[in-house]
Amino acid sequence: MRFLVWLAAGFAGGVLGGMGMGGGTVLIPILTILCGVPQHLAQSVNLLSFLPMAALSLRVHARGGLLDARGTPWMIVPAAALSFLGAAFVQNVSAGALRAGFGIFLCLLSLYQFAAALRSLRAGR
C-alpha cells in the first residue's frame, strides 16, 4: 500500500512539475501527511526529484517552442544565491515551524489563485 502512495506522489509531482507549476506543492504534503516523512526530508526529496523532472520538462518545452531563455541569466544568479542562503537558513529551523511556514505559503497561494480565477471569470476569459 505504501508503494502506491509513493507512486501517486511521484505521479502528481511529475504532472505538476512538467506543467511548470511546482510539483512540490503536492509532493511535500503527500510525503509529510500520508507517508509520515519529516518536513526537512520531504523538502530534500522534492529537490532531488525536481532535477530529472526539470531536465525532461525543459526538453519537451524547448521542442514545443515554448522556451524563451532571454531573461534566464537574470533569474539564475539571484535564484542560485538565495537558494543557498535559504538552504543554510532552514538547517536551523524546527520541523514544526517549517511545516507551518509551508502550510501558510500554500494557503496564501491558494487564495491568490482563487482570486485570479474569479477575476478571470468576471472578465469573461
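The following legends describe an overall view and several close-up views of a predicted model of one protein chain.

**Figure 1. Overall view of the protein chain, built from five helices and zero strands.** Read from the N terminus, the order of elements is α-α-α-α-α. The C-alpha trace extends over about 40 × 35 × 30 Å along its principal axes. The chain has 125 residues, of which 19% count as buried. Its accessible surface amounts to about 9200 Å², and carbon and sulfur atoms account for 75% of that surface. Of the contacts between residues at least 6 apart in sequence, 52% link residues at least 24 apart.

**Figure 2. Close-up of the largest nonpolar core, which consists of eleven residues.** The members are V5, A9, L27, I28, I30, L31, C35, V37, A42, F102 and L106. Two or more residues are contributed by each of α1, α2 (24-34) and α5. The largest share, four residues, is supplied by α2.

**Figure 3. Close-up of V37, a member of the largest nonpolar core.** When residues up to four places away in sequence are not counted, V37 touches W6, L31, T32 and A42. Of these partners, L31 and A42 also appear in the list of core residues.

**Figure 4. Close-up of V93, in the loop between α4 (72-90) and α5 (95-123).** V93 has a relative accessible area of 18% and therefore counts as buried, since the limit for this class is under 20%. Apart from neighbours within four places in sequence, the contacts of V93 are H40 and L98. V93 and H40 are 53 residues apart along the chain, yet their C-alpha atoms are separated by 9.4 Å.

**Figure 5. Close-up of the nonpolar surface patch formed by M1, F3, L4 and L7.** Together these four residues present about 520 Å² of accessible area. M1 belongs to the segment before α1 (2-18). The relative accessible area of M1 is 79%, so this residue is classed as exposed.

**Figure 6. Close-up of spans annotated as "transmembrane region" in UniProt.** The unreviewed UniProt entry places this feature at residues 41-60, 72-90 and 96-118. In the model, residues 72-90 are 100% helix and 0% strand, with 26 Å between the end C-alpha atoms. Residues 96-118 are likewise 100% helix and 0% strand, and the end C-alpha atoms of this span lie 33 Å apart.

How values were computed: Residues numbered from 1 in each chain as written. Predicted model: local features only at pLDDT ≥ 70, side-chain atom pairs only at ≥ 80, totals over all residues. Heavy atoms only, no water. Patch = residues over 30% accessible without salt bridge, like charges linked within 9 Å, V, L, I, M, F, W, Y side chains within 5 Å. Areas by Shrake-Rupley, 256 points an atom, 1.4 Å probe, with all protein chains shown as cover. Salt bridge = Lys/Arg side-chain N within 4 Å of Asp/Glu carboxyl O. Buried < 20%, exposed > 50% of the residue type's maximum accessible area, 1.4 Å probe, protein only. Contact = heavy atoms within 4.5 Å. UniProt positions renumbered as here; feature names shortened; annotations may be inferred. Core = buried A, V, L, I, M, F, W, Y, C linked by side-chain atoms within 4.5 Å.
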